[in-house]
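Okay, thanks for making room for me this week. Have the viewer open while I talk, and stop me if anything is unclear.

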Amino acid sequence: MPVPGSRMLLLLVLALGGAAAAADFVGPDSCKGCHPEAYDAWMQSKHARAENSLSEQQRKDGRCLSCHSPDQGSQATASVTCETCHGGGQYYSPEYVMKDSELARLVGLVDPSEKQCRSCHDASSPSLRPFDFKESLKAIDHWSAERARRSGRTDASPHTTSTAPAPASAKK
Ligand code: HEC
Ligand code: HEC
Ligand code: HEC
Ligand code: HEC
């Protein structure tokens, strides 16, 4: 249900305040209430604990933090969190904004891209294998469960879910 009044007001506030304000983080616990499946899946991932791989001393080293906990200084949010990838949620996380996908993107919601992954998963990361975007996406899946729930909520259209396992192609 769009709320045109609030929509206008929000855009006006942002126009006056400057786009930089949209970078403000609310923290992963704020997303959890509305995205429990995504939150649980993320909590199982290495991203949620990326800071823990660093020693006490390395946690003060900006070189390590730039990938393992990039928003620690500016947003007081440790490790690689929802907002590291999806953008600061202050303006898009209210429910009426979230339900308006166009507005949400106007006020800071980011669709994480391969390029964004590669800003950390590059040649200087310690992985032995080169970064495979498609495989890595599967490994951080925190959307399938939510999409399945969402499509079950309304009349599911046949192309909204793809829960069938991909054909086994171990080597490619
Ligand atoms: C008040 C509840 C609420 C909060 C808090 C919330 N969301 Fe949402 N979010 C929604 C709803 C509702 C949708 C629309 C999809 C749906 O109907 O299930 C949505 C959609 C999304 C989408 C898909 C958008 C699209 O158009 O494709 C992403 C990504 C997302 N939220 C991420 C986040 C992140 C990250 C946070 C925390 C910073 C967050 N959300 C906080 C309720 C919320
Ligand atoms: C360019 C981004 C980047 C920088 C800078 C970086 N790391 Fe990492 N680090 C990664 C990525 C990505 C992984 C996961 C590699 C994989 O498995 O693909 C990783 C993995 C690790 C692991 C292994 C964790 C495990 O569970 O096995 C350790 C330990 C680690 N990093 C420590 C450090 C330290 C210490 C520094 C600073 C000297 C540092 N990293 C700097 C990106 C980075
Ligand atoms: C490492 C980056 C990364 C992190 C961290 C991350 N996400 Fe995502 N998220 C993505 C990507 C990439 C997609 C889109 C996957 C696709 O469409 O194939 C996505 C998809 C989603 C979707 C589904 C959107 C839709 O259109 O159905 C939601 C909801 C979401 N994320 C919420 C969250 C929440 C909440 C957190 C934290 C608890 C989080 N994400 C953490 C990268 C990330
Ligand atoms: C801000 C930096 C950053 C971004 C952006 C990022 N990652 Fe990561 N990622 C890391 C770090 C750091 C680790 C290692 C965490 C650890 O073990 O300490 C990691 C670990 C992983 C792992 C686990 C690797 C393993 O060895 O098990 C996968 C899979 C992964 N990332 C996929 C992605 C995908 C897909 C994206 C883009 C949608 C992405 N990452 C974006 C920093 C990042």
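So, helix 10 gives the largest share of the shell around ligand 4, with 3 residues. By shell I mean residues with a heavy atom within 4 Å of the molecule. Helices here are DSSP runs of H or I with at least four residues, strands are E runs of at least two, and both are numbered from the N terminus. Helix 10 covers 133-139, and along with helix 4 and helix 9 (114-118) it is among the elements that each supply at least two residues to that shell.

Before I go further, the housekeeping. This is a predicted model, so local features need pLDDT of at least 70 and side-chain atom pairs count only at pLDDT 80 or more, while totals for chains, interfaces and linings use all residues. Residues are numbered from 1 along each chain as its sequence is written, chains are lettered from A and ligands numbered from 1 in the order in which they are written, and side-chain values use heavy atoms, with hydrogens and water left out.

Back to ligand 4. There are 18 residues around it, and the nearest are His47, Ser53, Cys117, Cys120 and His121. Which side chains put an N or O atom close to a nitrogen or oxygen of ligand 4? His47 does, 2.7 Å from a ligand nitrogen. Ser53 has a side-chain N or O atom 2.5 Å from a ligand oxygen. And His121 brings a polar side-chain atom to 2.8 Å from a nitrogen. By class, the shell has 10 nonpolar, 7 polar and 1 charged residues. For the classes, Ala, Val, Leu, Ile, Met, Phe, Trp, Tyr, Cys and Pro are nonpolar, Asp, Glu, Lys and Arg are charged, and the others, Gly among them, are polar.

Now put ligand 1 next to that. It also has 18 residues around it, with Cys31, Cys34, His35, Met98 and Ser101 nearest. The class split for ligand 1 is 7 nonpolar, 5 polar and 6 charged. A polar side-chain atom of His35 sits 2.8 Å from a ligand 1 nitrogen. Two arginines reach ligand 1 oxygens: Arg105 at 2.9 Å and Arg150 at 3.1 Å. Helices 2 (28-32), 6 (82-86), 7 (95-98), 8 (101-106) and 11 (144-153) are the elements giving two or more residues to this shell. Helix 6 has the largest share, 3 residues.

Ligand 2, quickly. It has 16 residues around it, and Arg63, Cys64, Cys67, His68 and Ser127 come nearest. The side chain of His68 has an N or O atom 2.9 Å from a ligand 2 nitrogen. The classes there are 5 nonpolar, 8 polar and 3 charged.

Zooming out to the chain: there are 11 helices and 0 strands. Buried residues, meaning under 20% relative accessible area, with exposed over 50% and partly exposed in between (1.4 Å probe, protein chains only), are 25% of the 172 residues. If you take contacts, heavy atoms within 4.5 Å, with a separation of 6 or more, 55% of them join residues 24 or more positions apart.

Next, charges. Side chains of opposite charge can pair when their charged atoms come close. A salt bridge here is a side-chain nitrogen of Lys or Arg within 4 Å of a carboxyl oxygen of Asp or Glu, and the whole structure has 7. One of them is Glu37 with Arg149, closest N and O atoms 2.6 Å apart. That pair links distant parts of the chain, helix 3 (residues 36-44) and helix 11, 112 residues apart. Another is Arg118 with Glu114, at 3.0 Å, N to O. Those two lie 4 residues apart in helix 9, about one turn.

And here's the one I'd like you to look at: what is the nearest side chain of opposite charge to Asp71? It's Arg59, 15 Å away, and Asp71 is buried with no salt bridge. For the signs, Lys and Arg are positive, Asp and Glu negative, and His and the chain ends are not counted. Asp71 is in the loop between helix 4 (62-68) and helix 5 (72-75). Leaving aside neighbours within four places in sequence, Asp71 contacts Phe25, Ala76, Thr77 and Thr84. Phe25 counts as buried because its relative accessible area is 18%. The C-alpha atoms of Phe25 and Asp71 are 9.0 Å apart, with their positions 46 residues apart along the chain.

Conventions
A polar contact is a pair of N or O atoms within 3.5 Å; within protein, one must be able to donate a hydrogen and the other to accept it, and residues adjacent in sequence count only if both atoms are side-chain atoms.
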